[in-house]
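Reader: I am new to reading protein structures, and I would like to go through one slowly, with the reasoning spelled out at each step. Could we look at the sequence and the model together?

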Amino acid sequence: MTGHETAQGPKHKRDLTRRKVIAAGTGAVVAAGVGGTFAAGAFAGEEKTAAGGKTSGTSGEACYKLTSETTEGPYYIDADKLRRDVTEDQDGIPLTLRLKVIDSDTCKPLANAAVDIWHCNALGVYSGYEAMGSGGGGGGGGGTPPSGSPTGSPTGAPTGSPPAGGGGGGGHEEPTDDERYLRGTWRTDKKGEVVFRTVFPGWYQGRCVHIHTKVHVNGTWTDAGYEGGTTCHTGQLFFDEASVLATAEVEPYSTNTTTRTTLDEDTIYPGNGTEGGLLKLKYKKGAIAKGVVATLTMGVDPEATQDGTSGS
């Protein structure tokens, strides 16, 4: 890793063999038990849209490539809610995120894996850390007024470091509030697929637009959620510049005055396309506000431990 986002070990040492995800209510517990059958329910429309021939699977040499590992960042919160719709009351362009997890050695899908996602809202603020604002500013005001200061981040980070969970160094930060929007965990079905409903992320100081993700395997799904296992992949998902520029014309993204870091300028994106986490996007040109479908096949090593708390 380079720059201000060199990974460091977190202040909290998680015991991966005791990991637990708390289910978000009884409905989520029932859904966890039925796994793939739930995919045919609330998200049927989105999945039909996403299931184009070139995105529903992977072929050729691409599926043998390990998806790049990245740092976890300081704002990961374990024990997220077990759910696929993580939107809550957040404004933004609807985003359907369809991920497929495969064994990079055999190309076989990994069923019953637990996939985490978390990202900032349209104005660059992460739930659980609203007091840190966006781009180094105080408060949870979305980053518009406070983003004008390029240095002196009150979080104690180096100059230009994102305070809001970008995937950077400085170790784990303890949450400042109980908000958990745009965070969630769900299980892969028998095809290794999982679908989340969220909003297109915004941006904040020092980072390009991105989504964090983790893949956990060998755990147990129980009435309480997901327990045990190991983290075999920690990565970040990225968006091409054309799509980000299109969102910048849509409210509330257009009100975010934080200086945006481009994909090429980002210190975390490996620059290797889909292997590095670059999403394949589908949206109507000139009408991105109506929604975006993002897909990616992630090749992981289920025997590895990649918790993102050390350099890679």
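Reader: How many of the residues of strand E12 are buried?

Author: This is a predicted model, and a residue counts as buried when its relative accessible area is under 20%. Strand E12 covers residues 292-300 and is mostly covered by that criterion. Val-292, Ala-294, Leu-296, Met-298 and Val-300 point one way from E12, while Val-293, Thr-295, Thr-297 and Gly-299 point the other way, and all are buried. The number of buried residues in E12 is therefore 9 of 9.

Reader: Which strand runs parallel to E12, and how many bridges join the two?

Author: One place to look is Gly-299 in E12, which stands opposite Ile-102. The strand E3 runs parallel to E12, and the number of bridges that join them is 9.

Reader: In which sense do E11 and E12 pair, parallel or antiparallel?

Author: In this pairing, Lys-280 has Thr-295 of E12 as its bridge partner. E11 and E12 are joined over 3 bridges, and the sense of their pairing is antiparallel.

Reader: Lys-214 forms a salt bridge; which residue is its partner?

Author: A search of the whole structure finds 7 salt bridges, and in the one formed by Lys-214 the closest N and O atoms are 3.1 Å apart. The pair links distant parts of the chain, since Lys-214 lies in strand E7 (residues 210-217) and its partner in the loop between helix H2 (44-50) and E2, 142 residues apart. Lys-214 counts as buried at 0% relative accessibility, and the partner counts as buried at 2%. That partner is Glu-72.

Reader: How many residues apart in sequence are the parts that Asp-266 and Arg-207 tie together?

Author: The side chains of Asp-266 and Arg-207 meet in a salt bridge, with 2.6 Å from N to O. Asp-266 lies in the loop between H3 and E11, whereas Arg-207 lies in the loop between strand E6 (193-199) and E7, so the parts tied together are apart in sequence by 59 residues.

Reader: Is Glu-241, which meets Arg-260 in a salt bridge, buried or partly exposed?

Author: The salt bridge between the side chains of Arg-260 and Glu-241 spans 3.0 Å from N to O. Arg-260 lies in the loop between H3 and E11 and Glu-241 in helix H3, so the pair ties together parts that are 19 residues apart in sequence. Because Glu-241 has a relative accessible area of 22%, it counts as partly exposed.

Reader: What is the separation of the C-alpha atoms of Lys-81 and Thr-185?

Author: Lys-81 lies in strand E2 (residues 81-82), and it is linked with Arg-83 and Glu-88 in a network of salt bridges. Along the chain, Lys-81 and Thr-185 are 104 residues apart, yet their C-alpha atoms are separated by 6.2 Å.

Reader: What is the value of phi for Asn-112?

Author: Most residues other than glycine have a negative phi. Asn-112 is found in the loop between E3 and E4, and it is partly exposed, with a relative accessible area of 40%. Although Asn-112 is not a glycine, its phi is positive, at about 65°.

Reader: Which peptide bond is cis, with omega near 0°?

Author: Most peptide bonds are trans. Pro-252 is found in the loop between helix H3 (241-247) and strand E11 (280-282), and the cis peptide bond is the one from Glu-251 to Pro-252.

Methods. Residues numbered from 1 in each chain as written. Predicted model: local features only at pLDDT ≥ 70, side-chain atom pairs only at ≥ 80, totals over all residues. Heavy atoms only, no water. Helix = DSSP H or I, 4+ residues; strand = E, 2+ residues; numbered from the N terminus. Buried < 20%, exposed > 50% of the residue type's maximum accessible area, 1.4 Å probe, protein only. Pairing = 2+ DSSP bridges. Salt bridge = Lys/Arg side-chain N within 4 Å of Asp/Glu carboxyl O.
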